[in-house]
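Biologist: I have a chain to learn from today. Can we go through it step by step, with short questions and short answers?

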Amino acid sequence: MIKTTVSMTPELYSALTRSALDRGTSVSREVETHLRESTFLQKYISVVRADPDVGAHRVNPRTMRAKSKSALVTPSAPE
């Protein structure tokens, strides 16, 4: 798993917290579950599953912020 930080409204956080309490899970598990169930993201998940070596490298770097671009760069092997 990759750890990330997500900003959200208090309303959304409260809804996720209540959902986690009802299901007996963590908020992070609820976020992952609901993102996986999202019909919007399912097409991208299937693309990554079909070609896992490409992953985020299919993203157009021109549309990303500078910080996000640095996450796409693979570190070079030490000589």
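Biologist: Is Arg23 buried, partly exposed or exposed?

Modeller: Keep in mind that this is a predicted model. Arg23 has a relative accessible area of 47%. Buried means under 20% and exposed means over 50%. The value falls in between, so Arg23 is partly exposed.

Biologist: Which helix holds Arg23, and which residues does Arg23 contact, leaving aside its neighbours within four places in sequence?

Modeller: Arg23 is found in helix α1. Set aside the neighbours within four places in sequence. The contacts of Arg23 are then Glu30, Thr33 and His34.

Biologist: Take Glu30 next. Is Glu30 buried or exposed?

Modeller: Glu30 lies in helix α2. Its relative accessibility is 1%. The cut-off for buried is under 20%. Therefore Glu30 counts as buried.

Biologist: Which residue forms a salt bridge with Glu30, and how far apart are the closest N and O atoms?

Modeller: Side chains of opposite charge can pair when their charged atoms come close. A salt bridge needs a side-chain nitrogen of Lys or Arg within 4 Å of a carboxyl oxygen of Asp or Glu. Glu30 is buried, while its partner is partly exposed. That partner is Arg23, and the closest N and O atoms are 3.8 Å apart.

Biologist: What else does Glu30 contact, again leaving aside neighbours within four places in sequence?

Modeller: Arg23 is one of the contacts of Glu30. Thr25 is on the list as well. The others are Leu16, Ser19 and Ala20.

Biologist: Ser19 is on that list. Is Ser19 buried or exposed?

Modeller: The place of Ser19 is in helix α1. Beyond its neighbours within four places in sequence, Ser19 is in contact with Glu30 and His34. Its relative accessible area is 18%, and the cut-off is under 20%. So Ser19 is buried.

Biologist: Let's step back to the helices. At what angle do α1 and α2 pack, and how is α1 placed relative to α2?

Modeller: Helix α1 covers residues 10-23, and helix α2 covers residues 27-37. Their axes are 8 Å apart, and the angle is about 100°. Angles from 65 to 115 degrees count as roughly perpendicular. So α1 is roughly perpendicular to α2.

Biologist: Which residues make that contact, and how many of each class are there?

Modeller: From α1 come Tyr13, Leu16, Thr17, Ser19, Ala20 and Arg23. From α2 come Val27, Glu30, Val31, Thr33 and His34. Sorted by class, the contact has five nonpolar, four polar and two charged residues.

Biologist: How does α2 pack against α3?

Modeller: Helix α3 covers residues 39-50. The axes of α2 and α3 are 6 Å apart, at an angle of about 85°. That angle lies in the range 65 to 115. So α2 is roughly perpendicular to α3.

Biologist: Which residues join α2 to α3 in contact, and what are their classes?

Modeller: On the α2 side they are Leu35, Arg36 and Glu37. On the α3 side they are Thr39, Leu41, Gln42, Ile45 and Arg49. By class, the contact has three nonpolar, two polar and three charged residues.

Biologist: How many salt bridges are there in the count, and which residues join into one network?

Modeller: The count comes to three salt bridges. Arg29 meets Glu32 at 3.5 Å, N to O. Glu32 also forms a salt bridge with Arg36, with the closest N and O atoms 3.1 Å apart. Shared partners join these residues into one network: Arg29, Glu32 and Arg36.

Biologist: Where do Glu32 and Arg36 sit, and how far along the helix are they separated?

Modeller: Glu32 is partly exposed at 22%, and Arg36 is partly exposed at 44%. Both are in helix α2, four residues apart. So their separation is about one helical turn.

Biologist: Last one. What pattern does the protein chain follow, and what share of its residues is buried?

Modeller: The protein chain has four helices and zero strands. Read along the sequence, the pattern is α-α-α-α. The chain exposes about 7300 Å², with carbon and sulfur atoms supplying 57% of it. Of the 79 residues, the buried share is 6%.

Methods:
Residues are numbered from 1 along each chain as its sequence is written. This is a predicted model: local features need pLDDT of at least 70, side-chain atom pairs count only at pLDDT 80 or more; totals for chains, interfaces and linings use all residues. Side-chain values use heavy atoms; hydrogens and water are left out. Axes are lines fitted to C-alpha atoms, for helices over the stretch in contact, and angles run from 0 to 180 degrees between N-to-C directions. Helices (H or I, at least four residues) and strands (E, at least two) are DSSP runs, numbered from the N terminus. Angles under 35 degrees count as roughly parallel, over 145 as roughly antiparallel, 65 to 115 as roughly perpendicular and the rest as oblique. Contact means heavy atoms within 4.5 Å. Ala, Val, Leu, Ile, Met, Phe, Trp, Tyr, Cys and Pro count as nonpolar, Asp, Glu, Lys and Arg as charged, and the others, Gly among them, as polar. Buried means under 20% relative accessible area, exposed over 50%, partly exposed in between (1.4 Å probe, protein chains only). Accessible areas come from the Shrake-Rupley method with a 1.4 Å probe; for residues, only the protein chains shown count as cover.
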